[in-house]
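Trainee: I have a structure open in front of me and would love a close look at one part of it. Could you pick a helix, show me what surrounds it, and then place it in the wider chain?

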Amino acid sequence: MNALLRDPSAAVPFPFAERRARLAQWMSERGGGIAVLPTAPERLRNGDSDFPYRFDSHFHHLTGFAEPQAWLLIAGDGRSTLFCRPKDVEREIWDGIRLGPDAAPAVLGVDEAFPVALLDEKLPQLLANQGAVWFPFGLHAELPARIEGWLSVVRSRSRQGVECPSAQRDLSPLLDELRLVKDDGEIATMRRAAGISANAHVRAMRFCAERFRRGAASVREYEIEAELLHEFRRAGAQSPAYTSIVAAGANACVLHYAAGDAELRPGELCLIDAGCELDGYASDVTRSFPADGRFTSAQRELYDIVLAAQQAAVDMTKPGARQRDAHHAAVRVLAQGMLDSGLLDRATVGDVDAVIESAAYRQFYMHGTGHWIGRDVHDVGDYLSLGEAPVEQPDGLGGTVVKKPSRILQAGMVVTLEPGLYVRPADGVPERFWNIGIRIEDDAVVTPAGCELISRGAPVKADEIEALMRG
């Protein structure tokens, strides 16, 4: 299936060639060599049915090529070689038009292209006399064995004066850095994806409100999920970026709950964590809203705490701040809110500083406040500083750890900001808060002046949510 490449003959835009050149330069600065990168394999679902094909994110970032059974090689001098499926009229009748190796150089900007059937013949030739072979460690299960097989062929030609690469280098750190800071085109696509996802959340809110206005006793989670999926595809997104979470009532206290057949009833909250993938880029948006359009007093109390925590995280998301600063800011607001609401007993846990030091807040908030997002919903990129020495710091579990400081943010990075509160029934926890789960999540582009929340097409203030659901 020729997924996501709508016109195989359309020329791929400039950024792909520029990215390949930058990667080649980084390799050259580190001793040179040649990089070998496959795309994702096709995966069998059951019987003779495949899952819908989705390319490897690294591969697509360097090529813009969405067909399966493809390989990219990049030498330290910048020369690029593609292996892909050949043109085949019979198979194209069944599976769609293929680009083919003859058209690939003009369309993709690679220097040469060959049929993928020639991979085992050509690779030893391309690896010969290279100082190192680069490939992503740990990402493609069969790749190390194939690399070793090709190297064995090269070694067998040593008497002919052919030198075999003496080192195997991990390509992943270079690829991760290449993808971490987004260019203007990437951000534009992510803004569109976030807008589609925000509209899907609005659609879900209105759907629930309308059903309950008409007298429904409940709405099934899968019905709400169907509204999300409809909006994603209606707006041109290719798929969800991840399995949608649609959690009714107490199910919202399960962090990675998947939409099931549970009933959402009036008076309960619905937590939706769902985002689409558009042209290879993910969005990740969470909203928590009252099923019938009105927050109860207990729900509103906790909701406003989470919203204030997110705003604290937003304020700390800016160039020069550290990626982890947003989490620390959110935790302080959440911890204070736990004390003020009675979720935590001051007489037992102490003041807000004591709550943070002991990590007592983790009873109700047990995850981080954000992650990189881009081609993957949990995108690649080092979370720790690359050039600073390890230091002793809190581990977030009530102790300390020695590690590098958190990464310093810069414009073009994209993060999620997603604080929450999850209250399971327990001794000492006020019963009015039991089974309330709330998370608010937006996608934030770091800008020169701070950050831009690109998913705010879906309301977050409680009054705005209620107003939307009344309308």
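Mentor: Happy to help; we will start with helix 7 and then work outwards to the rest of the chain.

Please keep in mind that this is a predicted model. Helix 7 runs over residues 172–180, and seven of its nine residues are buried, which makes the helix mostly covered. The buried ones are Ser172, Leu174, Leu175, Asp176, Leu178, Arg179 and Leu180. You will see that this list holds Asp176 and Arg179 alongside several leucines.

What lies over these buried residues? The cover includes two helices, helix 1 (15–29) and helix 2 (57–63). It also includes strand 1 (34–38), strand 7 (132–135) and strand 8 (167–170).

Now zoom in on one residue of helix 7, Leu175. Its relative accessible area is 2%, and because anything under 20% counts as buried, Leu175 is buried. Setting aside residues within four places in sequence, Leu175 is in contact with Leu23, Leu37, His58, Leu62 and Pro136. Take His58 from that list: 117 residues separate it from Leu175 in sequence, yet their C-alpha atoms are 6.8 Å apart in space.

Another partner to follow is Leu37, which sits in strand 1. Leu37 also counts as buried, at 2% relative accessibility. Beyond its neighbours up to four places away in sequence, Leu37 touches Leu175, and also Asp56, His58, Phe59, Leu62, Trp71, Leu72 and Pro136. Compare the two contact lists on your screen: His58, Leu62 and Pro136 appear in the list for Leu175 and in the list for Leu37. To get a feel for distance, try Leu37 and Ser218 next: they are 181 residues apart in sequence, and their C-alpha atoms are 50 Å apart.

Let us step back to the nonpolar cores. The largest nonpolar core has 83 residues, and the members that touch the most others are Ile224, Ile272, Leu302, Tyr303 and Met338. Helix 8 (residues 184–213) gives the most to this core, with 11 residues. Apart from it lies another core, of 26 residues, and Leu62 is among its members, as are Ala35, Leu108 and Val110. That is the Leu62 you have just met as a contact of Leu175.

Back in the largest core, Ile224 is a good residue to click on. Leaving out neighbours within four places in sequence, Ile224 is in contact with Ala204, Phe207, Cys208, Val219, Val246, Leu264, Cys270 and Ile272.

Helix 8 also holds Thr189. This residue counts as buried, at 14% relative accessibility. Not counting residues up to four places away in sequence, Thr189 touches Leu278, Asp279 and Tyr281. Of these, Asp279 is worth a pause: it is found in the loop between strand 14 (276–278) and strand 15 (281–282). Its phi is near 50°, a positive value in a residue other than glycine. At 27% relative accessibility, Asp279 counts as partly exposed.

Asn435 gives you another example of positive phi in a residue other than glycine, with a value near 65°. Asn435 lies in the loop between strand 20 (420–423) and strand 21 (436–439). This asparagine is partly exposed, with a relative accessible area of 35%.

For a contrast with the buried leucines, look at Asp48, in the loop between strand 2 (44–46) and strand 3 (49–50). Its relative accessible area is 74%, so Asp48 is exposed. The C-alpha atoms of Asp48 and Ala467 are 49 Å apart, and 419 residues separate the two along the chain.

Finally, here is the whole chain. There are 14 helices and 23 strands in it. Its C-alpha atoms fill a box of roughly 80 × 55 × 40 Å along the principal axes. A compact globule of 471 residues would have a radius of gyration near 23 Å, and the 25 Å of this chain agrees with that. Buried residues make up 51% of the chain. Among contacts between residues at least 6 apart in sequence, 70% join residues at least 24 apart. The contact of Leu175 with His58 gives you one example of residues far apart in sequence, at 117 residues.

How values were computed. Residues numbered from 1 in each chain as written. Predicted model: local features only at pLDDT ≥ 70, side-chain atom pairs only at ≥ 80, totals over all residues. Heavy atoms only, no water. Helix = DSSP H or I, 4+ residues; strand = E, 2+ residues; numbered from the N terminus. Rg over C-alpha atoms; globule rule 2.2 N^0.38 Å. Buried < 20%, exposed > 50% of the residue type's maximum accessible area, 1.4 Å probe, protein only. Contact = heavy atoms within 4.5 Å. Core = buried A, V, L, I, M, F, W, Y, C linked by side-chain atoms within 4.5 Å.
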